[in-house]
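Consider the salt bridges of the model shown here, and ask of each pair where its partners sit and how far they are shielded from the surroundings.

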Amino acid sequence: MNNLGKLYVVGTPIGNLDDLTLRALATLKKVSLIAAEDTRHTGKLLQHFDIPTPQISYHEHNRLSRLDQLLNILSQGQDIALVTDAGMPGISDPGYELIKACIEAQIEVVPIPGVTAVITALAVSGLPTERFCFEGFLPGKEKLKQERLEGLKTETRTMVFYEAPHKLIKTLEDLRETFGSTRKIVLGRELTKL
């Protein structure tokens, strides 16, 4: 048995704070540190449940510089919870790099499941769910975005995309242009908050 800490990958609510699981709540209270995508956002969750655990930011812009620091903390035997703003870390956020680095360093990675927007939206979409593909966010550059959509033109499974509100209209136009106007589409937003 090694003396390394554990990385807990903790699912957080995608809107309604009461969707936090009891196991996630207990984990966030017992770890030494919470690595959060946005400490202000996670701070609201921690305050709501009276969790005093300190946080450190771990997001898209500092993920590589923060990696060694977090691995060092784990190597000293301290446990860390990785959280994202909403849903499961590692799904369309920078958690992947830390999870991969822990596995390579033989640091135990423990999943603490919670809600995910992709599965929640798919389950209530009314679209076929027996086979689907998750595409996450489309590339920001127009040429790369068009190439990705063209590559999906013949995809028969239900496809799930994430998109920022300010890009939604343009993306819907791109989807119609690529896939035609008869393909069914469902938009989901604020799936659990309202």
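In this predicted model, the count of salt bridges comes to 13 when a Lys or Arg side-chain nitrogen must lie within 4 Å of a carboxyl oxygen of Asp or Glu. Side chains of opposite charge can pair when their charged atoms come close.

One of these pairs is formed by the side chains of E135 and R148, with an N to O distance of 3.5 Å. The pair links distant parts of the chain, since E135 belongs to strand β6, residues 132-137, whereas R148 belongs to helix α6, residues 142-151, and the two residues are 13 apart. R148 counts as partly exposed, because its relative accessibility is 30%, a value that falls between the 20% limit for buried residues and the 50% limit for exposed ones.

Helix α6 also carries K145, which pairs with D174 in helix α7, residues 168-179, so that this salt bridge ties together parts that are 29 residues apart in sequence. The closest N and O atoms of K145 and D174 are 2.9 Å apart, and both residues are buried, which means that each has a relative accessible area under 20%.

A further salt bridge joins E150 and K153, whose closest N and O atoms are 3.9 Å apart. E150 is partly exposed, with a relative accessible area of 44%, and K153 is likewise partly exposed, at 44%. Elsewhere, salt bridges that share partners connect E142, K145, K170 and D174 into one network, and the buried pair of K145 and D174 thus belongs to this network.

How values were computed
Residues are numbered from 1 along each chain as its sequence is written. This is a predicted model: local features need pLDDT of at least 70, side-chain atom pairs count only at pLDDT 80 or more; totals for chains, interfaces and linings use all residues. Side-chain values use heavy atoms; hydrogens and water are left out. Helices (H or I, at least four residues) and strands (E, at least two) are DSSP runs, numbered from the N terminus. Buried means under 20% relative accessible area, exposed over 50%, partly exposed in between (1.4 Å probe, protein chains only).
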